[in-house]
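I opened this model to look up one buried position and then a few helix contacts. My notes follow in the order I made them.

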Amino acid sequence: MGRSRRTIPEELLLLALDPTTGTTAQPQSLDLGLAGAQLVELALAGRIAPDGDRIAVVMPRPTGDPTLDSALELLRRRGSPVRAVHWIGGPRLGLRQTYLTHLERCGMVHAVEGQMCGVLPTTRYQATETAISREIRARLDNAIRTGVPPDPRTAALAALAHAVGLGKHLYPGNEGRSSRSRLRDLIRHDPMGGLVAHAVMDVQNGVAAQPRRAQAAGAGAGSVRQPAGRATAQPAAGVPVQSRHGHGSMARVGAR
């Protein structure tokens, strides 16, 4: 796959990034969303496909994207289809930092050095190509406003944005309630995006014991669950920590 197109993990991270503060909304669930977004991107590239509530590798050939290819190789080594909820709930140490480093290398964000409590060195990331973030947001806004079925990439991005709880970040307050509801409803327009989004929500809610049947396109729209308020997984060392305001610093504490 060519690098002229931004991947869904990259777009999800840019959506979550506050352009002025360098923090992200829903930091813990975002980590799950990035793992899920990799699955959607690999599916769109024809490398994997849903098999019930499991993910099967159908073409192990590398995509040319090192981060996606690492995930693809891990899936291939499993030898058999893996449940999406188990894959997304697995350890993904450094995944967000990997994407931040890539976005910095591409010139879409820049690192801002600082200190936490005046002692610990930190690194925050601020968007530099704000036009890109506006274009991504405009695609979601257009799908919500017009009601026209979006393309698969936008539908999957919307599903993941809802699953990780970005709705209240993108469309806050009472005035954004209808937009958040329509964002949730976009989950039905992409079967793979819907499968992955439900798996992300299942991990957050601690629902991993019972298999989930894959939903067909357009089915089950009325039973879409709301994302949990907080992920059950705790952030690992080096992963941004959620603040009391619900935002996470895009910081590598103690890393220089």
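Entry 1, an acidic residue. The model is predicted. I started at Glu10, which sits in helix H1, residues 8-16. I asked whether Glu10 is buried or exposed. Its relative accessible area is 1%, and the cut-off for buried is under 20%, so I logged Glu10 as buried.

I then asked which side chain Glu10 joins in a polar contact. The partner is His102, at 2.9 Å. Along the chain, Glu10 and His102 are 92 residues apart, yet I read 8.8 Å between their C-alpha atoms.

Entry 2, the rest of H1. I checked how many residues of H1 are buried, and found nine of nine. Besides Glu10, the buried set includes a second acidic residue, Glu11, and the run of Leu12, Leu13, Leu14 and Leu15. Ile8, Pro9 and Ala16 are also in that set.

Entry 3, the whole chain. I noted ten helices and seven strands. Of 256 residues, 46% count as buried. Taking contacts with a separation of 6 or more, I found that 70% are between residues 24 or more positions apart.

Entry 4, the core. In soluble globular proteins, nonpolar side chains tend to be buried together. The largest nonpolar core here has 62 residues, and I looked for the members that touch the most others: Leu39, Ile88 and Leu166. I followed Leu39 and left out its neighbours within four places in sequence. What remained was contact with Ile48, Ile55, Leu75, Trp87, Ile88, Met192 and Val196. Ile88 thus appears both in that list and among the three residues named above.

Entry 5, H7 against H10. Two packed helices are described by the angle between their axes and the distance between the axes. For H7 and H10 (residues 191-205), the axes come within 9 Å and cross at roughly 10°. The cut-off for roughly parallel is under 35 degrees, so I entered H7 and H10 as roughly parallel. From H7 the contact takes Ala156, Ala159, Leu160, His162 and Ala163; from H10 it takes Gly193, Val196, Ala197, Val200, Met201 and Gln204. I sorted this contact into eight nonpolar, three polar and no charged residues. Val196 of H10 is also a contact of Leu39.

Entry 6, H7 against H6. The axes of H6 (residues 130-146) and H7 (residues 152-163) come within 10 Å and cross at roughly 90°. I therefore put H6 and H7 down as roughly perpendicular. Ile136, Arg139 and Leu140 of H6 meet Arg153, Thr154, Leu157 and Ala158 of H7. By class, I have four nonpolar, one polar and two charged residues in this contact.

Note on methods
Residues numbered from 1 in each chain as written. Predicted model: local features only at pLDDT ≥ 70, side-chain atom pairs only at ≥ 80, totals over all residues. Heavy atoms only, no water. Core = buried A, V, L, I, M, F, W, Y, C linked by side-chain atoms within 4.5 Å. Buried < 20%, exposed > 50% of the residue type's maximum accessible area, 1.4 Å probe, protein only. Contact = heavy atoms within 4.5 Å. Axes fitted to C-alpha atoms, helices over the stretch in contact; angles between N-to-C directions. Helix = DSSP H or I, 4+ residues; strand = E, 2+ residues; numbered from the N terminus. Parallel < 35°, antiparallel > 145°, perpendicular 65-115°, else oblique. Nonpolar A, V, L, I, M, F, W, Y, C, P; charged D, E, K, R; others polar. Polar contact = N/O pair within 3.5 Å; in protein donor to acceptor, adjacent residues only side chain to side chain.
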